[in-house]
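This report describes a protein model through its strand pairings, its helix and its nonpolar core. The structure is shown first, so that the text can be read against it.

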Amino acid sequence: MNEVQSDAITLVLKRDHDGASGSIVLPAAASGGRLTTDQTSAQLPAQDAFRGAIRLANDLKLAVVVCDPEGVWKSEWGDLYQPIE
C-alpha cells in the first residue's frame with residue numbers, strides 16, 4: 001500500500017539516517033467526527049510507531065494499513081498481508 005486510506009489508520013514506515021522510523025496518519029474521515037483535519041504524528045522509531053498505531057486502532061476500532069515501500073516491517077510484528085492487484 002503506498003497511499004493513506006481514508007477509512008483506516010495508516011502506519012508509514014521508512015528508512016532514514018538513524019535507522020528506521022514511522023509516522024501514524026489518522027484521517028479526519030475515520031475519526032467519527034472527532035477531527036476536522038487529518039492528523040499525522042511526528043516521526044518515531046519504527047517499533048514505537050507500530051505500537052502507537054495498534055494502540056490507536058484498538059481505541060478507535062479501526063483497521064491499520066501499512067505503507068512500507070522500503071521493507072522496514074519486522075517479522076516479529078506479525079504477518080504483513082499484501083493487497084491483491
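The paragraphs below take up the strands, two buried serines, the helix with the residue after it, and the core.

**Strands around β2**

The model is predicted, and the description starts with strand β2, which pairs with several other strands. β1 and β2 run antiparallel and are joined by 7 bridges, while the connection from β1 to β2 is a hairpin that passes through 2 residues. Within this pairing, L11 has I24 of β2 as its bridge partner. β2 also pairs with β4 in the antiparallel sense, over 2 bridges, and with strand β3, residues 39-40, again in the antiparallel sense and over 2 bridges. For the pairing with β4, S21 finds its bridge partner in P45; for the pairing with β3, L26 finds its bridge partner in Q39. As for its surroundings, β2 is mostly covered, with 6 of its 8 residues buried.

T40, which lies in strand β3, counts as exposed because its relative accessibility is 54%. T40 is nevertheless in contact with S23, I24 and V25, once its neighbours within four places in sequence are left aside. The C-alpha atoms of T40 and L26 are 6.4 Å apart in space, although 14 residues separate T40 from L26 in sequence.

**Two serines of β2 and Q43**

Strand β2 holds S21 and also S23. S21 is classed as buried because its relative accessible area is 5%, under the 20% limit, and S23 is likewise buried, at 6% relative accessibility. What do the side chains of S21 and Q43 form with each other? They are joined by a polar contact of 2.7 Å, and the polar contacts of both serines are listed below.

| Side-chain pair | Polar contact |
|---|---|
| S21 and D16 | 2.7 Å |
| S21 and Q43 | 2.7 Å |
| S23 and Q43 | 3.5 Å |

Q43 thus appears as a partner of S21 and as a partner of S23. The wider surroundings of the two serines, without neighbours within four places in sequence, can be given in the same way. S21 is in contact with V12, L13, K14, D16, Q43, L44, P45 and A46. S23 is in contact with T10, L11, V12, T40, S41, A42, Q43 and A49.

**Helix α1 and the residue after it**

Helix α1 has 15 residues and reaches 21 Å from its first C-alpha to its last, which is close to the 21 Å expected at 1.5 Å a residue. Its buried residues are A46, A49, F50, G52, A53, A57 and L60. These residues lie on the same side of α1, because the arc they cover around the axis is only 165 degrees. In general, an α-helix has 3.6 residues a turn, so residues three or four places apart point the same way. The cover over the buried residues of α1 includes β1, β2, β4 and β5, whereas the face turned away from the buried side carries the exposed residues R55, N58 and D59.

After α1 comes K61, whose phi is positive, near 60 degrees. Most residues other than glycine have a negative phi. K61 is placed in the loop between α1 and β5, and K61 is exposed because its relative accessible area is 71%, over the 50% limit.

**The nonpolar core**

Which residues in the largest nonpolar core touch the most other members? Of its 17 residues, these are I9, L11, L13, L26, L62, W73 and W77. Two or more core residues come from each of β1, β2 and α1, and α1 gives the largest share, 6 residues. L62 offers a more local view, as it touches D7, I9, L26, A30 and A57 when residues up to four places away in sequence are not counted.

Several of these residues link the core to the sections above. L11 is bridged to I24 of β2, L26 is bridged to Q39 of β3, and A57, which L62 touches, is among the buried residues of α1.

Definitions and conventions
Residues numbered from 1 in each chain as written. Predicted model: local features only at pLDDT ≥ 70, side-chain atom pairs only at ≥ 80, totals over all residues. Heavy atoms only, no water. Core = buried A, V, L, I, M, F, W, Y, C linked by side-chain atoms within 4.5 Å. Buried < 20%, exposed > 50% of the residue type's maximum accessible area, 1.4 Å probe, protein only. Helix = DSSP H or I, 4+ residues; strand = E, 2+ residues; numbered from the N terminus. Contact = heavy atoms within 4.5 Å. Polar contact = N/O pair within 3.5 Å; in protein donor to acceptor, adjacent residues only side chain to side chain. Expected span 1.5 Å × (residues − 1). Arc of directions from axis to C-beta. Pairing = 2+ DSSP bridges.
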